[in-house]
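Me: I am new to this structure and would like a close look at one part of it. Could you take me through the place where the two chains meet, and then show me what lies around it?

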Amino acid sequence: MTAADPVIAAREPVRHSTLTRVVIYTLLVLFALVYILPLGVMVMTSLKPLDEVTGGNMFALPQALTFEPWIQAWSEARIGVSETTGISGYFLNSIKMVVPAVAISTLLGALNGFVLTKWRFPGHNLVFGMMLFACFIPFQSIIIPMAVILGNLGTFGNHLRDLIGTSLGFGDPIVNLVLVHVVYGLGFTTLFFRNYYEAFPTELVKAAMVDGASFFQIFRRIMLPNSMPIVIVTVIYQFTNIWNDFLFGSTFAAGDQAPMTVALNNLVNTSTGVVEYNVNMAAAIIAAAPTLIVYILAGRYFVRGLMAGAVKG
Amino acid sequence: MALEIRGLSKRFGTVDVLKSIDLTLDKGGFLVLVGPSGCGKSTLLNTIAGLESVSAGEIRIDGQLVNGLHPSKRDIAMVFQSYALYPNMSVAENIAFGMEMRKVPKAERDKAVALVAKTLQIEHLLDRRPSQLSGGQRQRVAMGRALVRQPRVFLFDEPLSNLDAKLRIDMRVEIKRLHQQTGTTTVYVTHDQIEAMTLATRIAVLKDGEVQQVGSPSEIYNTPANLFVADFMGSPSMNLLEGRVAKNGGAAAITFAADGAQPVTLAAPTGADLSPLRDGAAVIFGIRPEAISDLQSVDRNAKTVATFDAPVEIVEPAGSDTFVVTRIAGQEITARMRADADVRVGQDHAFAFNLDRAVLFDPESGNRIG
């Protein structure tokens with residue numbers, strides 16, 4: 001009896017652990033299925049010919065695997081009432097818009113954060129508070145004022161064109177979108193960088209001052225190289241928001257200057273002809289791909305970056 | 001005068017952090033600003049560096065007024081408490097950064113870095129990043145960055161506070177050696193009074209933004225200007241006893257009385273001028289632990305020695321000495337005995353007071369008498 005007790009005691013925790021593990025894994029697999037199922041259905045649908053989609057079971061694997069819907073979506077589908085160009089052009093529009101918008105808003109946010117934390121001026125808390133306020137303004141409420149401003153800029157661009165032959169980008173829909181996203185994103189990016197730089201050792205800035213570095217030299221040589229975590233966080237955040245934006249895109253960029261989100265909507269909500277589900281699915285996956293890739297590759301840096309700022313403080 | 005500070009005041013909002021500071025330092029001198037946390041010593045250093053503005057007063061380096069000058073134009077170099085090494089640059093780049101900002105050509109920069117690295121024995125670390133260095137190595141790199149500027153004044157802001165005890169002592173010796181080699185004027189801030197005593201040619205003791213006393217280490221130690229300085233400097237701190245002047249005819253004496261305990265009378269400290277004090281006036285009698293010893297160890301050249309028997313309460317063997325806590329007229333005092341002294345708790349022991357080394361303070365103002 002006494003010899004068996006330790007054996008039983010040793011066995012107890014193992015039994016617990018196995019049961020708990022089984023329960024945990026079952027739950028995990030279930031939730032994973034729930035999340036991946038829609039994506040799985042999308043992928044499968046996009047690889048089927050149309051009659052299989054309309055005729056068959058949504059969850060069935062493709063019988064006649066075809067990449068035709070993908071080619072259609074990319075270059076041949078009819079978007080809205082315009083020509084049959086697929087979403088490739090609009091995808092490019094999105095990239096032309098997102099890259100400058102992310103870069104500029106991140107850079108400006110970094111500069112703002114730097115000034116607000118390391119060059120304290122009277123009223124800096126008030127200024128920061130006001131910039132923070134921008135984070136809470138709903139997109140919708142600024143559409144009309146922004147439209148007026150962009151309209152004026154467009155007129156100015158026309159004047160410039162008459163004057164010096166080029167409008168310098170004023171009035172160009174892509175430029176307009178970049179401007180809108182930069183302005184709207186500035187509140188968030190300033191917030192991120194300000195909080196990160198708050199915890200950044202001020203003695204480094206002081207040492208650089210004693211060494212004779214100017215404001216921009218300190219920014220470029222000391223602050224930015226050591227801000228990689230928060231830069232990644234900001235870039236990911238801005239990229240996701242700007243890439244997925246529909247409201248600004250549909251309001252301020254029309255026709256063939258529209259970003260990919262607008263094009264996708266026009267493609268899917270077509271009211272003429274047959275609804276080509278497989279093409280729509282392919283287009284949707286293409287549209288979602290960049291953010292998916294960004295998260296798969298850099299997702300862990302996102303959390304790490306947010307935590308880095310927190311722990312340092 | 002390498003450094004002259006006149007009437008320096010600094011306010012933050014409504015708080016007076018520095019109150020009309022006057023300090024001077026000869027060329028090649030080593031001035032230590034010492035005081036408890038919050039006394040304003042780091043703020044004072046930052047105003048000398050130019051990292052903080054002044055509310056009033058003047059700062060002159062080598063006779064030149066530097067009040068409005070940018071830190072990089074004052075020809076100073078600073079070592080920070082946290083070293084402030086740029087994490088994204090190698091050691092060599094860290095040291096060369098100041099020269100890079102001043103557009104010194106690369107060949108010259110490399111030569112200067114190599115020379116400084118040799119002096120501080122960090123040549124093998126030049127390609128490493130600060131995160132790959134130990135605390136002591138980072139310290140040396142920070143000093144290298146300051147050295148390479150060959151400035152008029154070195155400023156140190158508690159550079160040894162982040163190091164462990166043993167390393168602190170090693171680096172202290174290094175700093176002293178460096179000062180002797182380069183002869184550069186140095187201002188050093190610390191809260192550690194031992195660092196102050198060992199490194200300084202001049203010490204300024206600060207409290208609440210005011211200079212309590214400025215002088216050589218031995219002046220500060222042996223003739224403290226007031227109670228605060230007496231208590232702050234020295235480890236273990238000076239014994240401070242409450243007593244009364246007793247002028248019975250000829251020689252003046254100090255009487256110590258406490259409730260329940262036998263009053264004790266000791267001769268007045270050698271050289272103390274008690275004439276302005278009336279009989280019975282309250283005084284504070286200060287004597288350092290090393291001036292209280294056993295009868296054999298007392299200084300033979302002492303003019304006035306008083307002996308006294310007292311029960312031993314606590315014995316603290318510190319290796320090189322033994323500290324003994326006992327009581328005189330009910331007031332606790334610490335004595336420093338030889339390490340091999342035969343002292344036992346509870347037993348009476350004979351103590352000798354070297355009254356040459358004792359000082360008297362006025363209890364109300366805190367200032368030293370005589």
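Reply: Here is a walk that begins at the meeting place of the two chains and then moves out into each of them.

Please keep in mind that this is a predicted model. The meeting place joins 14 residues of chain A with 16 residues of chain B. On the chain A side, two helices each supply at least two of the touching residues: α8, covering 202-210, and α9, covering 215-223. The largest share comes from α8(A), which gives 6 residues. Sorted by class, the chain A side that touches chain B holds 8 nonpolar, 3 polar and 3 charged residues.

Let us stay with α8(A) for a moment. This helix is mostly covered, with 7 of its 9 residues buried. The buried ones are A:L204, A:V205, A:K206, A:A207, A:A208, A:M209 and A:V210. What do the buried residues of α8(A) pack against? They have partners in both chains: α4 and α9 of chain A, together with α1 and β6 (76-79) of chain B. After the end of α8(A) comes A:G212, whose phi is positive, near 95 degrees.

The other helix on this side, α9(A), has buried residues too: A:I218, A:F219, A:R221, A:I222 and A:M223. Those buried residues pack against α4 and α8 of chain A.

Since α4(A) has now come up as a partner of α8(A) and of α9(A), it is a good place to go next. Helix α4 of chain A spans residues 88-118, and its axis comes within 6 Å of the axis of α7(A), residues 173-198. These two axes cross at roughly 35 degrees, and the crossing is right-handed. The contact of α4(A) with α7(A) has 17 nonpolar, 11 polar and 4 charged residues.

Now step back to chain A as a whole. Its secondary structure comes to 13 helices and 0 strands. Of its 313 residues, 32% count as buried. Among the contacts in chain A with a separation of 6 or more, 72% are between residues 24 or more positions apart.

Chain A is divided into domain 1 (4-71) and domain 2 (72-312). The C-alpha centres of these two domains of chain A lie 35 Å apart. Their contact takes 11 residues from domain 1 of chain A and 13 from domain 2 of chain A. On the domain 1 side, the elements of chain A that give two or more residues are α1 (4-46), α2 (50-55) and α3 (68-76). By class, that side consists of 7 nonpolar, 2 polar and 2 charged residues.

Crossing over to chain B, we can pick up the trail at α1(B), one of the elements that the buried residues of α8(A) pack against. What does chain B offer around this helix? An open sheet of 4 strands has the order β2-β1-β4-β5, with antiparallel pairing. At its edges stand β2 (15-25) and β5 (64-65) of chain B; each has a single partner strand, so one side of each is left without a neighbour in the sheet. Strand β1(B), residues 3-12, pairs with β2(B) in the antiparallel sense over 7 bridges. Within this pairing you can find B:R11 standing opposite B:D16 in β2(B). Helix α1 of chain B, residues 41-49, packs on the sheet and touches β1, β2 and β4 (56-61) of chain B. The direction of α1(B) makes about 65 degrees with that of β2(B). Thus α1(B) has the sheet of its own chain as a neighbour, and it is also a partner for buried residues of α8(A).

Finally, here is chain B in outline. It has 8 helices and 21 strands, and its C-alpha trace spans about 80 × 45 × 35 Å along its principal axes. Buried residues make up 40% of its 370 residues. Of the contacts in chain B between residues at least 6 apart in sequence, 67% join residues at least 24 apart. The domain assignment gives chain B a domain 1 (3-223) and a domain 2 (239-369), and 39 Å separate the centres of these two domains, taken over C-alpha atoms.

To return to where we began, α8(A) gives the largest share of the chain A side that touches chain B, and its buried residues pack against elements of both chains.

Methods:
Residues numbered from 1 in each chain as written. Chains lettered and ligands numbered in written order. Predicted model: local features only at pLDDT ≥ 70, side-chain atom pairs only at ≥ 80, totals over all residues. Domains from an automatic or database assignment. Contact = placed C-beta atoms within 7 Å. Nonpolar A, V, L, I, M, F, W, Y, C, P; charged D, E, K, R; others polar. Pairing = 2+ DSSP bridges. Axes fitted to C-alpha atoms, helices over the stretch in contact; angles between N-to-C directions. Buried ≥ 20, exposed ≤ 12 C-beta atoms within 10 Å, placed from the backbone. Left-handed = near helix turned anticlockwise from the far one by under 90°.
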